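Trainee: I am new to this structure and would like a close look at a single part. Please start from one residue and work outwards, saying what surrounds it at each step.

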Amino acid sequence: MSSSVPRLVIAAPASGSGKTTVATGLMAAFAARGLAVSPHKVGPDYIDPGYHALASGRVGRNLDAYLCGPELVGPLFLHGARGCDIAVVEGVMGLFDGAAGEGELASTAHVAKLLRAPVVLVVDASSQSRSVAALVHGFTSWDPEVRVGGVILNKVASDRHEWLLREAMEQVGVPVLGVLRRAPQVDTPSRHLGLVPVAERREEALGAVAAMAAQVSEGCDLDALTRLARGAGALSCAAWDAAEAVSSPAGRPTRSHERPRPRVAVAGGEAFTFSYAEHTELLTAAGADVVPFDPLRDEELPEGTSGLVIGGGFPEMYVSELSANEPLRKAVAGLAESGAPVAAECAGLLYLCRELDGQPMCGVLDAGARMTQRLTLGYRDAVAVGDSVLAAAGTRMRGHEFHRTAVEPGSGPDPAWGFRSPERRVEGFVRRGVHASYLHTHWASEPGVALRFVERCRTS
């Protein structure tokens, strides 16, 4: 049964300890053993799942108790883990770090408890020896409901250093399941919003994942980790299903299989890499034919496009190429002007502006965008200010902002969202069929969004 799939949560005391290296390396190492591996990431991050997908050969999926609610963590996990032999869940930040001011909500510890999964703690041991025992003791005893089943010691300098660390860990009684030496060859490049996405460096990323797998296979006890994963508790919930979601009271009943299927074009390629897999699944279940396109290369929208979804990514890194593709910019503007549904998040918002860093974009919105030094980051509690192609006025959704750009003005005459927290403000643009905003949302939390969008594609 899918509910008993073996699983591990890879956590750490703090960011930068090596979670991504260990989690990705484990996924690849298990896959090399012939196991079907289900890859997951705690939190809203879009980039790490791309590396997970390379390692496992399956779509990387997010588990976010803030965006989707705690009640969907188990079902979404089981959805991703269908048919798999083992699942690896990479945590976020430190083990107990969650949504600001919300206690444990959306922390790695919270998700581990919801999944009834054992935790493997990755500890950066580069500047300590005996103190590692005190650190691990604190993390294992802080919350008795979180089961830390073992430790992987990372960035170990030498045989002598390893001996000192193991001797200290014997006093804690927590098994050492792996020791990884410092290995710069497995590092992956970062920039202003984290790791460089796989889509921008696929060949180099394949090499990095292979190096991670080799390091983990050599330094970790894969058999012990597998046994620990098999000790995860059974989940009583059912797997999430996109078709059921859009047919539920939240999505309202639909007989979309008996009606025309509109074509929804979804932006992809190197400039638009941020997307949750469940969005496409929901659009398809709601009755749409989803067709990808690349704004860097395609000069036309897919034939018969009746709706457009432009998610997040890094248009600021490709501003010249996006601007140079004038035929597609005009096609996007024409589609929007016709009143067709257009949903744009973050990078999509920038692409719809008049200009980005002084270079022409689609001109759908009377706003300009530019790079800044200020990082805007955090969860948001939002409410739809008015009716749009995505939501009826008053619809509440939780989302996430993550960008170093600014759009001026920050909202139009008809804003997309009103934020309840952390500060009260309005944001984004609703204009005819366009809904554009910085806010990243996870549609599994509100499947009616996909159903409403597809219905508007039919009738626009």
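**From one loop residue outwards**

Mentor: Ala117 is found in the loop between α4 and β5. The model is a predicted one, and every value below is computed from it. Ala117 has a relative accessible area of 7%, so it counts as buried, the cut-off being under 20%. Leaving out residues up to four places away in sequence, Ala117 touches Arg7, Val9, Ala112, Arg147 and Ala232. Arg230 is 113 residues from Ala117 in sequence, yet the two C-alpha atoms are 9.3 Å apart in space.

Those contacts lead to the sheet. It is an open sheet of 7 strands in the order β3-β2-β4-β1-β5-β6-β7, and the pairing is parallel. At its edges are β3 (61–63) and β7 (176–181), each of which pairs on one side only. From one strand to the next the twist averages 25°. Strand β1, residues 7–11, includes Arg7 and Val9 from the contact list. β1 runs parallel to strand β4, residues 86–90, and 4 bridges join the two. Within that pair, Val9 stands opposite Val89 in β4.

Two helices that pack on this sheet can be added to the picture. Helix α4, residues 108–115, takes in Ala112, another of the residues in contact with Ala117. α4 touches β1, β2 (37–42), β3, β4 and β5 (119–124), and its direction makes about 170° with that of β1. Ala117 therefore sits in the loop that leads from a helix packed on the sheet to one of the strands of that sheet. Helix α5, residues 131–141, also packs on the sheet, touching β5 and β6 (148–156). The direction of α5 makes about 150° with that of β5.

The next stop is a pocket whose lining draws on strand β3 of this sheet. This second largest pocket has a volume of about 810 Å³. It is lined by 32 residues, and the closest to its centre are Gly50, Val59, Thr273, Phe274 and Ser275. Besides β3, the elements that give two or more residues to the lining are α2 (48–56), β10 (263–267), α10 (277–285) and β11 (289–293). By type, the lining has 19 nonpolar, 9 polar and 4 charged residues.

Strands β10 and β11 belong to another open sheet, this one of 6 strands in the order β11-β10-β12-β13-β21-β20, with mixed pairing. Its edge strands are β11 and β20 (429–431), each pairing on one side only. With direction ignored, neighbouring strands here are turned by 15° against each other on average. β10 and β11 pair in the parallel sense over 5 bridges, and Ala267 stands opposite Phe293 in β11. Helix α12 (residues 326–337) packs on this sheet, touching β11, β12, β13, β20 and β21, with its direction at about 110° to that of β12. Helix α14 (residues 448–459) packs on it too, touching β10, β12 and β13, at about 145° to β12.

Strand β13 shows how residues are placed within this sheet. In a regular strand the side chains alternate between the two faces of the sheet. From β13, residues 342–345, Val342 and Ala344 point one way and Ala343 and Glu345 the other, and all are buried. On one side β13 pairs with strand β12, residues 305–310, in the parallel sense over 3 bridges, and Val309 stands opposite Ala343. β13 also runs parallel to strand β21, residues 434–437, with 4 bridges between them; there the bridge partner of Val342 is Val434.

Val309 leads to the last item, enclosed space. Rolling a probe the size of a water molecule over the atoms shows where empty space is left. The model has 3 cavities of 30 Å³ or more, and the largest holds about 170 Å³. Its lining has 19 residues, with Phe274, Ser275, His279, Val309 and Gly311 nearest its centre. The elements giving two or more residues to that lining are β10, α10, β12 and β13. Of the lining residues, 13 are nonpolar, 5 polar and 1 charged. Phe274 and Ser275 also appear among the residues closest to the centre of the second largest pocket.

Methods. Residues are numbered from 1 along each chain as its sequence is written. This is a predicted model: local features need pLDDT of at least 70, side-chain atom pairs count only at pLDDT 80 or more; totals for chains, interfaces and linings use all residues. Side-chain values use heavy atoms; hydrogens and water are left out. Two strands pair if DSSP finds at least two bridges between them. Axes are lines fitted to C-alpha atoms, for helices over the stretch in contact, and angles run from 0 to 180 degrees between N-to-C directions. Contact means heavy atoms within 4.5 Å. On a 1 Å grid over the protein atoms alone, a cavity is a set of points where a 1.4 Å probe fits but cannot get out, and a pocket is an open set with protein on both sides within 12 Å along at least five of seven lines; lining residues have an atom within 4 Å of a point. Grid points are joined across faces, edges and corners, and a volume is the space filled by probe spheres set on the points. Ala, Val, Leu, Ile, Met, Phe, Trp, Tyr, Cys and Pro count as nonpolar, Asp, Glu, Lys and Arg as charged, and the others, Gly among them, as polar. Buried means under 20% relative accessible area, exposed over 50%, partly exposed in between (1.4 Å probe, protein chains only).
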